[in-house]
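Me: I have a model open and would like a close look at one part of it, the sheet and what surrounds it. Could you walk me through that slowly?

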Amino acid sequence: MKLTADLISNSPTYINAVKDRELDLSNNNIPLIENLGVTRDLNDSINLCDNNIRVLGNFPALGRLHALYLANNRIVSVEKNLAQFVPHLQTLVLTNNDIADLVDLEPIARLEELEILSLVNNPVMRKPNARLWCIWRFSSTLRVLDFEKIGHNERTQAKALFENASGELSDLAKSILAIESSAPSSSNVFVPGEGLDQIAGQGQQQQHEKTEEEIEKERNITELKARIREEMASVEAMEEFI
């Protein structure tokens, strides 16, 4: 079902358990987020659970919004400029979606006020060091990840893993940011975290240090691939109701 202005206007709005004004758009088989401008930014939270959304994006400016519930959808990508339109988002629930790679989470890292995030049952959280990456990469305001409180020891461990002694990115962090981990396994692309135990056991460096120019080039390629995935997901979502 297309998310029309009529559907939005006729959907229930109520004061939820945490005393937020919540718009309930759940269970409508919605494939694409659109037309939310008709809400006139009057809601503290929006419930879009149990739909068929594939791209987290296409929001108008919603300065009041601080909670988004999108569990049980088919989200594979996040719009790059998400934080520009929901700058005060504090809670984001993405349980049971299809986000696959750590680099696909970069737009979420730009949410400067994010406090609660759920990525439970997304393929990305099966990546090596995924939880520590999120703790290190996302805003320091993040205090609950996958319904577990983030402890001081985890923050220390994450910093040690992804930063070197001088505070710069570690080789592992550069690899995650610069290389597309979803590329075919037959290629020479490094999958973040894969084979680290074997490398440590050998006691020797397996990769040559990349120049800054090479890293920047790979990062640009990664961003391009992410945009392509986002556009393809949007097209697939639109095809479902055309």
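Me: How many bridges join strand β8 to strand β9, and do the two run parallel or antiparallel?

Reply: Happy to take you through this one; please keep in mind that the model is predicted. Strand β8 (residues 116–118) and strand β9 (residues 144–145) run parallel, and two bridges join them. If you want a place to put your cursor, try L117, which stands opposite L145 in β9.

Now zoom out to the sheet that holds this pair. It is an open sheet of eight strands, in the order β1-β2-β3-β5-β7-β8-β9-β10. The pairing in the sheet is mixed, and the parallel match of β8 with β9 is one part of it. At the edges sit β1 and β10 (148–149), each of which pairs on one side only.

Let's follow the sheet from the β1 edge. Strand β1 (residues 13–15) runs antiparallel to strand β2 (residues 21–24), and three bridges join the two. Here I15 has R21 of β2 as its bridge partner. The hairpin made by β1 and β2 has five residues between the strands, and in this hairpin K19 takes a positive phi near 65°. On going from β2 to strand β3 (residues 45–47), you will find the parallel sense, again over three bridges. For a landmark in that pairing, look at E22, which stands opposite S45 in β3.

Next, the packing. In soluble globular proteins, nonpolar side chains tend to be buried together. In this model the largest nonpolar core has 52 residues, and L56, L70, L92 and I108 are those with the most contacts inside it. Six helices each supply at least two residues of this core: α1 (5–10), α2 (82–85), α3 (106–109), α4 (130–137), α5 (152–162) and α6. The helix that gives the most is α4, with six residues.

L56 is a good residue to display with its surroundings. Leaving aside its neighbours within four places in sequence, L56 is in contact with I33, L70, I75, S77, V78, E79, L82, L92 and L94. Two of those partners, L70 and L92, are also listed with L56 among the residues with the most contacts inside the core.

Helix α6 (residues 171–178) deserves a glance too: six of its eight residues are buried, leaving the helix mostly covered. The buried ones are L172, A173, S175, I176, L177 and A178.

Finally, turn to the aromatic rings, of which the whole structure holds three pairs. One is W133 with F162, an edge-to-face pair at 5.0 Å centre to centre with 85° between the planes. This pair links distant parts of the chain, since W133 is in helix α4 and F162 is in helix α5, 29 residues apart. Both rings belong to buried residues: W133 has a relative accessible area of 0%, and F162 is likewise at 0%. F162 also pairs with W136; their ring centres are 5.4 Å apart and the planes meet at 35°, so this pair is tilted. With W136 in helix α4 and F162 in helix α5, the pair ties together parts that are 26 residues apart in sequence. W136 has 16% relative accessibility, and therefore counts as buried, as the cut-off is under 20%. Seen together, W133, W136 and F162 are linked by ring pairs into a cluster.

How values were computed. Residues numbered from 1 in each chain as written. Predicted model: local features only at pLDDT ≥ 70, side-chain atom pairs only at ≥ 80, totals over all residues. Heavy atoms only, no water. Buried < 20%, exposed > 50% of the residue type's maximum accessible area, 1.4 Å probe, protein only. Helix = DSSP H or I, 4+ residues; strand = E, 2+ residues; numbered from the N terminus. Core = buried A, V, L, I, M, F, W, Y, C linked by side-chain atoms within 4.5 Å. Contact = heavy atoms within 4.5 Å. Phe/Tyr/Trp six-rings, centres within 6.5 Å; stacked < 30°, edge-to-face > 60°. Pairing = 2+ DSSP bridges.
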